[in-house]
Amino acid sequence: MANVSDIRFHIKSVKQTRQITNAMHMVSASRMRKALDGIAKNRAYFYHALDIIVDILKHTGDITHNYLQHRAGDKVAYIIVSGEKGLSGNYNHAILSLADSVMAKKNVVEVYTIGSVGTSYYLRRGITPDRHFERLAEKPMLDQVRRLMTILIEQYDRGEIDELRIVYTRFINTLSREPVEQKLLPVELNDFKRGRPESADDLKYDRSFILYDPSPKEVLNALIPQLLIGYVYGAIVHAYASENCARMTAMENATRSADKMIDKLTQQYHAVRQLTITNELADIIGAANAANASRSADAAYYPEEEDE
């Protein structure tokens, strides 16, 4: 059984760990709320651009566009959005497992990673990402996302890739997150429309009289890349919110486990301390009884000393 000093040291170390996990829980909650603001702001821009593309295709006749047509080739490029750190439960494991499963079925020619965990994962497996971006999720910058998408769209235009897909974690709420795969090129408008909240104004507003200058096709040339940039930016923000939500939950569970361990160790400490005190009292009482017995024996053997 551990002694009192060992248990006291163990309690102290667990309390220090609890302070760290509790602080990480509060930091993750703050970062998650900040990321949710970014999701709300990006959603308005993304759906507005999507509505314009849908209106052009619906009200301006048959328009063929390179970004809307399927190709016969099978060369696929993937963007993998993972976390920057660990201590987030199964967040990174879930997204990388999904990426492995979907990439195994495709002819992958380009891999782009966002997040240091994903980059390290593929390097350990002997796969060097064609480009990797660290710390982009923590501070998403439109300039960096635009630079990334410009490279990929140029590759698509040159025929170096036939499909562009992204794997990321979609934030649903604080209790639910979903690793998803989304095809970016060629554009499938029905996939982007999925989950789009439709208001009464959308049904009443007649868009058939809108004129696009200089032409609907030129507007599509400018707008589709912006739609893709907005979607990838939103995916990064979703992933960052999901990562911090997962870390917040993991740290909350770790803090709760530390509290239980501290309670258990405290009870053990009191039990050992009480047992130590009891043993010390027993030793004292035993010694006192032995001294009394010795004095009684001496008095019995030498009674004359008492008479004198």
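At what angle do helix α2 (residues 91–103) and helix α3 (residues 116–124) pack, and how many Å apart are their axes? In this predicted model, the two helices meet at about 50°, and 11 Å separates their axes. Angles from 35 to 65 degrees fall into the oblique class, so α2 and α3 count as oblique to each other. As for handedness, α2 and α3 cross in the right-handed sense. On the α2 side, the contact is built from Asn92, Leu96, Ala99, Asp100 and Met103; α3 brings in Val117, Gly118, Tyr121 and Tyr122. Sorted by character, the residues of this contact come out as six nonpolar, two polar and one charged.

Then there is the sheet. Five strands make it up, and it is an open one with mixed pairing, running in the order β3-β2-β1-β4-β5. The edge positions go to β3 (131–133) and β5 (176–185). Each of these has just a single partner strand, so one side of each is left with no neighbour in the sheet. Going from one strand to the next, the twist averages 25°.

Further in, strand β1 (residues 75–81) pairs with strand β2 (residues 107–114) in the parallel sense, with seven bridges between them. To pick out one residue, Tyr78 has Val111 of β2 as its bridge partner. Helix α4 (residues 142–158) packs on the sheet and touches β1, β2, β3, β4 (163–173) and β5. The direction of α4 makes about 170° with that of β2.

Notes. Residues numbered from 1 in each chain as written. Predicted model: local features only at pLDDT ≥ 70, side-chain atom pairs only at ≥ 80, totals over all residues. Heavy atoms only, no water. Axes fitted to C-alpha atoms, helices over the stretch in contact; angles between N-to-C directions. Helix = DSSP H or I, 4+ residues; strand = E, 2+ residues; numbered from the N terminus. Parallel < 35°, antiparallel > 145°, perpendicular 65-115°, else oblique. Left-handed = near helix turned anticlockwise from the far one by under 90°. Contact = heavy atoms within 4.5 Å. Nonpolar A, V, L, I, M, F, W, Y, C, P; charged D, E, K, R; others polar. Pairing = 2+ DSSP bridges.
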